[in-house]
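Biologist: Hi! Could you pull up the model so we can go through it together?
Modeller: Sure, here it is.

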Amino acid sequence: MAEGGGPLRLKAWMVAQIESGRYPGLRGGRGAGRPGHKTLFRLPWKHAAKQGYRPQQDAALFRAWAIYKGKYREGADKADPSTWKTRLRCALNKSADFQEVPERSQLDISDPYKVYQIVSEWDCDRPDLLGFALQCPGPGTL
């Protein structure tokens, strides 16, 4: 929950997950999303039909988002990792705080991932924490 007692917004929630270290493959720079910082983060993106898919581990972040948003209740709802993944992807794509960086994503490897950039108007002119030089989107392009 946020300090005011209400739920965290997606950006704050995602930053907390990145910094928690609880999800294998979810990686980003320190200070992600904080004023004066912007960063890229890697979001594990393994397909359920691929060999070696482990639902408990590979869908853990998507499950956490579904639980957080009240879309999944352990023991009451049927587990649906594909739907959880879709919901988080749609939330990230809809949010003005995130921009997918497809040229940095690796989807055809054994541990695939998507790369997203946390963006905000106040941090577009500062250097990236991971050392990547990216262009911030223009107004109205997110």
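Biologist: Among contacts between residues at least 6 apart in sequence, what share join residues at least 24 apart?
Modeller: That share is 55% in this protein. Do keep in mind that we are looking at a predicted model.

Biologist: Okay, and how many helices and strands are there?
Modeller: The count is 4 helices and 4 strands. Going along the sequence, they come in the pattern α-β-β-α-α-α-β-β.

Biologist: What is the strand order in the sheet?
Modeller: The sheet is open and runs β1-β2-β4-β3, with antiparallel pairing. Its edge strands are β1 (27-28) and β3 (98-100), each of which pairs on one side only.

Biologist: Does anything pack on it? I mean, which helix touches β2, β3 and β4?
Modeller: That would be helix α4, residues 81-94, which packs on the sheet. The direction of α4 makes about 30° with that of β4.

Biologist: How many bridges join β2 to β4?
Modeller: There are 6 bridges between β2 (residues 39-44) and β4 (residues 113-118), and these two strands run antiparallel. To pick out one pair, L43 has K114 in β4 as its bridge partner.

Biologist: Switching topic: where is D58, and is it buried or exposed?
Modeller: D58 sits in helix α2. It counts as buried because its relative accessibility is 14%, and the cut-off for buried is under 20%.

Biologist: And which residues does D58 touch, leaving out those up to four places away in sequence?
Modeller: Its contacts are K46, G52 and Y53.

Biologist: Zooming out, what percentage of the protein is buried?
Modeller: Buried residues account for 38% of the 142 residues. As for the outside, the accessible surface is about 8,700 Å², and carbon and sulfur atoms contribute 49% of that.

Biologist: What about confidence? Which element has the lowest mean pLDDT, and which the highest?
Modeller: Helix α2 (residues 55-58) has the lowest mean, 84, while helix α3 (residues 60-68) has the highest, 96. The protein as a whole averages 80, with 73% of the residues scoring at least 70.

Biologist: Where does the pLDDT drop below 50?
Modeller: One stretch is residues 122-134, which still has 35 contacts in the model beyond near neighbours in sequence. Another is residues 137-142, with 6 such contacts.

Biologist: Any caution for reading those parts?
Modeller: Yes: where pLDDT is low, the predicted coordinates should not be read in detail.

Methods
Residues numbered from 1 in each chain as written. Predicted model: local features only at pLDDT ≥ 70, side-chain atom pairs only at ≥ 80, totals over all residues. Heavy atoms only, no water. Pairing = 2+ DSSP bridges. Contact = heavy atoms within 4.5 Å. Axes fitted to C-alpha atoms, helices over the stretch in contact; angles between N-to-C directions. Buried < 20%, exposed > 50% of the residue type's maximum accessible area, 1.4 Å probe, protein only. Areas by Shrake-Rupley, 256 points an atom, 1.4 Å probe, with all protein chains shown as cover. pLDDT = per-residue confidence, 0-100.
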